[in-house]
There are 2 protein chains.
Amino acid sequence: MLDELDDSTTVADSALARLTQVILDGELKPGAKVSEPELARRFGISRAPLREAIRRLEERSVLTRAPRLGARVVVLSPAKVEQIFVVREAVEGMIAREAAKLITDAEVAQLRESLARQKARSEEIGFSTFLTRELDSDFHTFIAQCSRNEFLIKFLCEDYATLIGLCRKHLRQVPERAYRAFVEHGRIVDALADRDPDMAELAMRRHIQASRQMMVASVQDPGSEGGRRRRRGTN
Amino acid sequence: MLDELDDSTTVADSALARLTQVILDGELKPGAKVSEPELARRFGISRAPLREAIRRLEERSVLTRAPRLGARVVVLSPAKVEQIFVVREAVEGMIAREAAKLITDAEVAQLRESLARQKARSEEIGFSTFLTRELDSDFHTFIAQCSRNEFLIKFLCEDYATLIGLCRKHLRQVPERAYRAFVEHGRIVDALADRDPDMAELAMRRHIQASRQMMVASVQDPGSEGGRRRRRGTN
DNA sequence: ATTGCAAAAAGTGTCGACAAAAAATCTGCG
DNA sequence: CGCAGATTTTTTGTCGACACTTTTTGCAAT
């Protein structure tokens with residue numbers, strides 16, 4: 001659905017989208033070299049627009065580059081994932097605070113409706129980690145929009161979106177966490193409905209802290225996928 | 001002094017630095033068109049590395065771009081400046097919190113020493129806005145380093161540094177504010193010395209809130225430079 | 001004189017090419 | 001057989017060129 005050649009969009013812009021997708025899909029794994037000739041051939045474009053896309057992902061901390069050595073996909077050690085969650089806690093906490101000041105009744109209703117749908121669906125088929133994971137991103141994005149702060153929105157939805165997507169791969173969701181996340185989302189919406197900035201920020205921060213702690217636990221107890229079990233991380 | 005051809009750095013990297021400086025110096029004013037041919041000629045480089053630098057500043061929200069229309073320096077309306085301060089409050093608050101957990105005795109001593117020097121200097125020549133403005137940036141950067149969080153550091157010292165620099169031009173510093181900022185810095189250092197994360201975050205947030213409110217006031221009461229006096233802000 | 005349209009100029013987006021550096025390969029020696 | 005050095009190959013960084021858009025200029029008609 002994104003394949004159509006839109007004149008209003010540039011090759012460099014679509015290269016950014018495609019490269020982002022390649023990374024999120026795991027085709028380019030963490031630490032892998034981002035070869036300009038190879039990707040240019042693959043995308044059927046020249047290196048100039050590709051390089052612009054690479055520079056942008058570099059600016060987003062998704063790629064790391066050393067002059068003359070090329071770019072590589074960032075390697076998210078457990079320590080780095082924790083640091084990213086700390087940033088999220090700060091920014092999304094403020095997002096919730098600002099949203100509580102400016103959210104409309106209609107938006108509160110939309111959030112409530114979304115939660116209700118999720119609850120109904122979950123009572124049918126159980127709290128699947130897949131469902132929660134999909135909706136979680138929408139939930140956070142929606143609240144960001146409610147903050148009416150273009151810089152907070154840009155940060156969460158553009159700058160950090162890819163990085164957060166990479167972090168999610170480290171999060172081995174367990175069903176219990178899916179249910180807890182649902183409950184926490186409810187608390188956040190309640191605080192927003194009350195137009196209580198302090199409570200909204202606190203609820204959001206606790207929510208993200210809980211995600212982080214779950215992540216830390218899953219790293220220490222590797223199981224299904226992507227478990228690098230070498231080294232325990234001394235720094 | 002920056003003209004020497006350093007082999008370890010690329011033309012694109014120095015183009016980023018030079019373009020940043022041009023914008024911060026006000027040679028390219030907010031809203032001004034960023035002409036690729038003109039800047040390329042001025043920097044003595046081709047458009048390719050210049051475009052990479054432009055894309056990076058775009059990613060940092062310093063430039064805004066529309067496809068086929070080119071890039072322009074962001075216009076920081078009072079509303080946008082406030083939004084940026086909100087982001088700063090969130091991120092720097094968390095920086096202070098994390099720094100309080102991890103700061104060393106030596107670093108606390110360095111901060112205290114810096115404040116003492118500033119106090120001594122100010123008792124000689126008074127609290128100049130220039131002195132405070134210069135040291136303020138160092139103060140915040142230093143504490144960011146103490147957070148030991150590379151993403152928080154990168155955010156404040158790279159991503160947002162230029163944008164914050166642009167915001168500073170909107171801040172018409174008054175001597176009273178310079179003194180108050182000094183006092184607030186002292187409170188932050190006290191909290192860091194106590195290893196009190198809650199207090200450190202609170203003190204930092206209050207400090208940035210105070211800066212923001214001073215900015216809002218100076219916008220409503222235009223004096224020397226760049227005073228947009230339309231609208232009082234209804235939200 | 002002003003408005004509308006057409007032609008020219010300038011600018012952006014993209015490409016291919018080249019030099020220098022880094023990586024890979026091959027070779028010779030211990 | 002392994003390792004160090006030299007050579008080839010690949011890749012990065014940069015440049016100039018071209019097509020297509022946008023903008024500006026010029027001209028004519030109402």
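# Reading a predicted protein–DNA model

Analyst: A phosphate oxygen of DNA strand D is 3.0 Å from a polar backbone atom of A:Arg68. The model is predicted, and this pair falls within the 3.5 Å cut-off for a polar contact.

User: Which other residues place a polar atom by a phosphate oxygen of DNA strand D?

Analyst: A:Arg65 does so with a polar side-chain atom, at 3.4 Å. From chain B, a backbone N or O atom of B:Ala12 is also 3.4 Å from a phosphate oxygen of this strand.

User: Which residues come nearest to DNA strand D?

Analyst: Of the 22 residues around DNA strand D, the nearest are A:Lys33, A:Pro37, A:Arg47, B:Val11 and B:Ser46. Of the atoms of DNA strand D that come within 4 Å of the protein, 70% are accounted for by sugar and phosphate.

User: Which elements supply the surface near DNA strand D, and what is its make-up by class?

Analyst: At least two residues each come from β1 (33-34), α2 (36-43) and α3 of chain A, and from α1 (11-24) and α3 of chain B. By class, nine residues of this surface are nonpolar, four are polar and nine are charged.

User: Turning to DNA strand C, how many residues surround it, and which are closest?

Analyst: DNA strand C is surrounded by 21 residues, with A:Val11, A:Ser46, B:Lys33, B:Arg47 and B:Arg51 the closest. Sugar or phosphate holds 70% of the strand's atoms within 4 Å of the protein, and bases hold the rest.

User: Where do polar atoms of the protein meet DNA strand C?

Analyst: One should ask which part of the residue and which part of the nucleotide take part. The side chain of B:Arg47 has an N or O atom 2.7 Å from a base nitrogen of DNA strand C. A:Ser46 instead uses a backbone N or O atom, 2.7 Å from a phosphate oxygen. For B:Arg55, a polar side-chain atom lies 3.2 Å from a phosphate oxygen of DNA strand C. Two or more residues of the surface near DNA strand C come from each of α1 (11-24) and α3 (47-59) of chain A, and β1 (33-34), α2 (36-43) and α3 (47-59) of chain B.

User: How many residues of chain A and chain B are in contact, and what area do the chains bury between them?

Analyst: In chain A, 36 residues contact 36 residues of chain B. The two chains bury about 3300 Å² between them, with 54% of it on carbon and sulfur atoms. A:Glu52, A:Glu59 and A:Phe151 supply 23% of the area that chain A buries against chain B, more than any other three residues.

User: How many salt bridges are there between chain A and chain B, and which elements of chain A take part in the interface?

Analyst: The count of salt bridges is 13. One of them joins the side chains of B:Glu59 and A:Arg60, at 2.3 Å from N to O. On the side of chain A that touches chain B, two or more residues come from each of α3, α4 (78-102), α7 (150-159) and α10 (197-220). The most come from α4(A), which gives 11 residues. By class, this side of chain A has 12 nonpolar, five polar and 19 charged residues.

User: What is the order of the strands in the sheet of chain A, and why is one side of β1 and of β2 left without a neighbour?

Analyst: Strands of a sheet pair through backbone hydrogen bonds, in either a parallel or an antiparallel sense. In chain A, three strands form an open sheet in the order β1-β3-β2, with antiparallel pairing. β1 and β2 (63-66) stand at the edges with a single partner strand each, so one side of each has no neighbour in the sheet. β1(A) pairs with β3 (residues 70-73) over two bridges, and A:Val34 has A:Ala71 in β3(A) as its bridge partner.

Technical notes: Residues are numbered from 1 along each chain as its sequence is written. Chains are lettered from A and ligands numbered from 1 in the order in which they are written. This is a predicted model: local features need pLDDT of at least 70, side-chain atom pairs count only at pLDDT 80 or more; totals for chains, interfaces and linings use all residues. Side-chain values use heavy atoms; hydrogens and water are left out. A residue is near a molecule or strand if one of its heavy atoms lies within 4 Å of it. A polar contact is a pair of N or O atoms within 3.5 Å; within protein, one must be able to donate a hydrogen and the other to accept it, and residues adjacent in sequence count only if both atoms are side-chain atoms. Helices (H or I, at least four residues) and strands (E, at least two) are DSSP runs, numbered from the N terminus. Ala, Val, Leu, Ile, Met, Phe, Trp, Tyr, Cys and Pro count as nonpolar, Asp, Glu, Lys and Arg as charged, and the others, Gly among them, as polar. Contact means heavy atoms within 4.5 Å. Buried area is the accessible area (1.4 Å probe) that two parts lose on being put together, summed over both. A salt bridge is a side-chain nitrogen of Lys or Arg within 4 Å of a carboxyl oxygen of Asp or Glu. Two strands pair if DSSP finds at least two bridges between them.
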